[in-house]
Amino acid sequence: MRTRAGAQAGAGSGRAGGGRSAGAAAGRDGDRGRALVRFGDRVRDLPRTGPAAAITATRDGEYLGTAEAGFTNQPEAVYQRLRGRNADLDQVTARVIPLPPPLTPRRVGRDRFHDVVLSPTSSTRRTQLRADINHPILFDHPVDHAPGMLLLEAVRQAAYCSAFPRRGVLTAMERRFFRYAELNSPCWIETTPAADGTTATGTHPVRVLARQNGEDVFTATATITTTAPAPLRVFATP
């Protein structure tokens, strides 16, 4: 049996914000700049979520944004009991569902199909999570569930898709995780524009809900600060 070693993250929550989107600025395709991520001097305990970390990101001295995350870590024995047979990487890998087709990259603020983590459905407000276990960044090491980095990117792309065709950057995000997202069944990403909708200042808040097997995986609220409509571009599958 092959299992994921080390401390395992359970349910958690967090929020991020800033004048610019660290994810959009540091992760944009073709951007060769490096972002400096600085963790706070102390990790404090929160009542229900355990440790919390404050993070600040800058690039070339320019402030990109801040984030705060609360999470729980489980000892290996506890994690094994929580995950059951899903802690066996070989079994999980053998049961990963086929990768569904991606949305058009421009709809989700990306330049390459390979980086799109959402698949279209018959509803414009509902997509399917694409968990490409061969992605070199989102799956940078073997895991037995959809990693948090993938789920955060799903929120980001869902927010961009909701704001489309207007362009912009992600400037705020709040999210709360309730359970692990599994790799062997579809995970649905549902979006609902916030009650106030796009504001006069160009901010577009959207609520994001992930559901799998009839249960909530996480909820999030993401804000896109919009600019101009996205230009028409033609993409080819690499």
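Arg83 comes out as buried, at 5% relative accessibility; here buried means under 20% relative accessible area, exposed means over 50%, and partly exposed is anything in between (1.4 Å probe, protein chains only). The model is predicted, so local features need a pLDDT of at least 70 and side-chain atom pairs count only at pLDDT 80 or more, while totals for chains, interfaces and linings use all residues. Residues are numbered from 1 along each chain as its sequence is written, and side-chain values use heavy atoms, with hydrogens and water left out.

As for the overall picture, the protein chain holds 4 helices and 11 strands; these are DSSP runs numbered from the N terminus, with at least four residues for a helix (H or I) and at least two for a strand (E). Of its 238 residues, 39% count as buried. Contacts (heavy atoms within 4.5 Å) reach well along the sequence: of those with a separation of 6 or more, 63% are between residues 24 or more positions apart.

Back to Arg83. Its side chain meets that of Asp144 in a salt bridge, at 3.4 Å from N to O; the term covers a side-chain nitrogen of Lys or Arg within 4 Å of a carboxyl oxygen of Asp or Glu. The two partners come from distant parts of the chain, 61 residues apart: Arg83 belongs to helix H2, and Asp144 to the loop between strand E7 (126–129) and helix H4 (148–163). Asp144 is buried too, with a relative accessible area of 0%.

Arg83 also has a ring to deal with. Its charged end sits over the ring of Tyr180, 4.6 Å from the ring centre; to count, NZ of Lys or CZ of Arg has to be within 6 Å of the centre and within 35 degrees of the ring normal. Arg126 does likewise with Trp188, its charged end sitting over that ring at 4.2 Å from the centre.

Tyr180 has an aromatic partner as well. The whole structure yields 2 aromatic pairs, meaning rings of Phe, Tyr and Trp (its six-membered ring) with centres within 6.5 Å, called stacked when the planes are under 30 degrees apart, edge-to-face when over 60 and tilted for the rest. One of these is Tyr79 with Tyr180, an edge-to-face pair at 6.0 Å centre to centre with 80° between the planes. Tyr79 is in helix H2 (residues 76–83) and Tyr180 in the loop between strand E8 (166–177) and strand E9 (187–193), so the pair ties together parts that are 101 residues apart in sequence. Both Tyr79 and Tyr180 are buried.

The search for salt bridges turns up 8 in the whole structure. Among them is Glu153 with Arg156, at 3.2 Å from N to O. These two are 3 residues apart in helix H4, which means about one helical turn between them, and both are buried. Asp216 and Arg211 form another, with the closest N and O atoms 2.4 Å apart. Here Asp216 is partly exposed at 29% relative accessibility, and Arg211 is partly exposed at 27%. Shared partners also join Arg83, Asp144 and Glu182 into one salt-bridge network.

Next comes the nonpolar core, defined as a set of buried Ala, Val, Leu, Ile, Met, Phe, Trp, Tyr and Cys residues joined through side-chain atoms within 4.5 Å. The largest one has 36 residues, and those with the most contacts inside it include Leu129, Ile189, Val208 and Phe218. Elements giving two or more residues to this core are H4, E8, E9, strand E10 (203–212) and strand E11 (215–229), with H4 supplying the largest share, 9 residues. Leaving aside residues up to four places away in sequence, Phe218 touches several others, including Leu151, Val155, Ile189 and Val208.

Some of these core residues also turn up in the strand pairing, which requires at least two DSSP bridges between two strands. E9 runs antiparallel to E7, joined by 3 bridges, and Thr127 stands opposite Ile189 of E9. E9 and E10 are antiparallel as well, with 7 bridges; Thr191 has Val208 in E10 as its bridge partner.

A few backbone oddities remain. The peptide bond from Phe164 to Pro165 is cis, with omega near 10°, and Pro165 is in the loop between H4 and E8. Asp60, not a glycine, has a positive phi of about 55°; this residue is in the loop between strand E4 (50–59) and strand E5 (62–74) and is exposed, at 78% relative accessible area. Asn213 has a positive phi near 55°, lies in the loop between E10 and E11, and is exposed at 60%.
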